[in-house]
Amino acid sequence: MTAIDMTAAPAPLPGSTTPPAPPPVRFNGTTEAYVWMLVRGSALLAVTLGIYRFWLNTDVRRFLWSKTEVVGESLEYTGTAVELLIGFLIGLAILIPLYVVFFVIALNMGPVGQFASVIGFVLLALFGQYAVYRARRYRLTRTVYRGVRFHQTGSAVRYAFCAMFWWVMMILTLGLAYPFMQAQLERYKMRHTFYGNLQGAFAGSGFRLFLRGLLMWILVVTPFVFGVAAALGTIDWPAFAEAADISDPDELLRQLAKIKGAKEAAVFGGAGVALSTMFAFFLYPVFQAMVLRWWMSGLRLGGLTFTSKLRKRRIYGAYARFIGISMLYSMAVGIAAGIVGLSFTIAAKAAGDNAALQITGAVLSIGLYVIAMLGYSVIYRATVQLSTWRLCVQSLDLAGLAVLDTVKAEGGPSSAVGEGLADARSEEHTSELQSHSFISYAVFCLKK
């Protein structure tokens, strides 16, 4: 008689299906909760004249981190708003004297001052890249998974010089060097990124990204180059040089209008810029999706490998929702502004020259402007940014997950001064949600 194995898994019933395994990475946050947090934070921003943004940024990061799960466990953001505020104040204390010194030199030293202002611009640009690297270090050390924090080593000074070199190359090549810049800078950043004792790496090929984006570059840059070339070749330069010596603005405009080829140059130049802008507007979502997918698929963390299946049409959908909702919001703001303006016009005619009424009208106008700008910010973050985060997370596939069970804790929290310096230079917002952890870093490549 054959023995029956009582420990064997029961055979599936005929016609039954095995439930699919849950994805290794998922985002379970709701749009409603995120929008409510943004609306409440925007209202407090208006009341506190912008000071609450440190608390709002912290709330946003905590929301996105906590709703992002890797193998069933959430990420954790441990940074605080007070750290961001103190870092920002220290950043201002460092940067304001530098700005004042360069301004005084440029104002009082003539040609030497102008040259000094150029040097100052380069130094501040270097300082900005230095601050971005230090800000990334802060955000990584405030990211925790399974009780183990991320951390970053490497030299911020070296990164700043490398970044400046590649920015110069990108400007000289009209953007053609962008893929190689991204590949080199990401290799440096990921090589110095650690999750506990697991070292990161970046395997993305700059040449492969170059080939993928070459057609888009041609479509965007070619109309601009041909338009400018045609404009420069059409205008009468000797007559233009004579007109440039005229000091009276009205006379200068009249003489410029009489220059041979001036109208044709304006048409060629305007057409080139318009076509390039149109192509850039429609192709940017495609470009963003392409870069994000390339970037995420190049991530490595020890033996952990990332693969992304991000779809371009999903990113297009996020931008389409932003444009549609923004148009409706603009109509609502316009109607509200019209009603307020009409009411004050009627009140002003009835009350005559009333200073208090004029001051009230100015305050309400400023209030409407602030509400409008905060509203656009909420719409953008709730449609484009949140959707991009969700789509990037849900597009990820991880291989080698067993390495996460062997990681050992290393590293400690870093100072928030680096983030404060980047924030004081208004660069924190353009790189917001961009380089926080091996999951969140893959979500946004929007400014650095």
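Modeller: Let's start with a rule: two strands count as paired if DSSP finds at least two bridges between them. This is a predicted model, and that rule will help us read its strands.

Biologist: What makes β5 and β6 a pair, then?

Modeller: Three bridges join β5 to β6, residues 193-195. The rule asks for at least two, so these strands pair, and they run antiparallel. One spot to look at is H151, which stands opposite F194 in β6.

Biologist: How do you know that β4 pairs with β5?

Modeller: Strand β4, residues 143-145, shares two bridges with β5. At least two are needed, so β4 and β5 count as paired, in the antiparallel sense. Y145 stands opposite V148 in β5. The two strands make a hairpin with two residues between them, where R146 takes a positive phi near 55°.

Biologist: Why is β5 called largely enclosed?

Modeller: A residue is buried when its relative accessible area is under 20%. Four of the five residues of β5, residues 148-152, are buried, so the rest of the structure largely encloses the strand.

Biologist: Which residues of β10 are on its covered face, and which on its uncovered one?

Modeller: Strand β10 spans residues 396-399, with L396 and L398 on the covered face and D397 and A399 on the uncovered one. In a regular strand, side chains alternate between the two faces of the sheet. As for its neighbour, four bridges join β10 to β9, residues 304-308, and the two run antiparallel. F306 has L398 in β10 as its bridge partner.

Biologist: On to the helices. Why is S326 called buried or exposed?

Modeller: S326 sits in helix α11, residues 312-351. Its relative accessibility is 8%, and the cut-off for buried is under 20%, so S326 counts as buried. Leaving out residues up to four places away in sequence, S326 touches Y376 and I379.

Biologist: G341 is in α11 as well. What do we call G341, and why?

Modeller: G341 has a relative accessible area of 31%. Buried means under 20% and exposed means over 50%, so G341 is partly exposed. G361 is 20 residues from G341 in sequence, yet 8.2 Å away in space, C-alpha to C-alpha.

Biologist: What makes the nonpolar patch on the surface?

Modeller: Its members are I51, W55, V82, I86, I90, I94 and L98, with about 570 Å² of accessible area together. Helix α3, residues 81-108, gives the largest share, five residues.

Biologist: How do you know that L98 clears the accessibility cut-off for a patch?

Modeller: L98, in helix α3, has a relative accessible area of 32%. Patch residues need over 30%, so L98 clears that cut-off, while still being called partly exposed.

Biologist: And inside, which residues have the most contacts in the largest nonpolar core?

Modeller: Y34, L64, Y195 and L310, in a core of 72 residues. Not counting residues up to four places away in sequence, Y34 touches V60, F63, L64, R381, A382 and L386.

Biologist: How many helices and strands are there in the protein chain?

Modeller: The protein chain has 13 helices and ten strands. Of its 448 residues, 40% count as buried.

Notes:
Residues numbered from 1 in each chain as written. Predicted model: local features only at pLDDT ≥ 70, side-chain atom pairs only at ≥ 80, totals over all residues. Heavy atoms only, no water. Core = buried A, V, L, I, M, F, W, Y, C linked by side-chain atoms within 4.5 Å. Buried < 20%, exposed > 50% of the residue type's maximum accessible area, 1.4 Å probe, protein only. Contact = heavy atoms within 4.5 Å. Patch = residues over 30% accessible without salt bridge, like charges linked within 9 Å, V, L, I, M, F, W, Y side chains within 5 Å. Areas by Shrake-Rupley, 256 points an atom, 1.4 Å probe, with all protein chains shown as cover. Salt bridge = Lys/Arg side-chain N within 4 Å of Asp/Glu carboxyl O.
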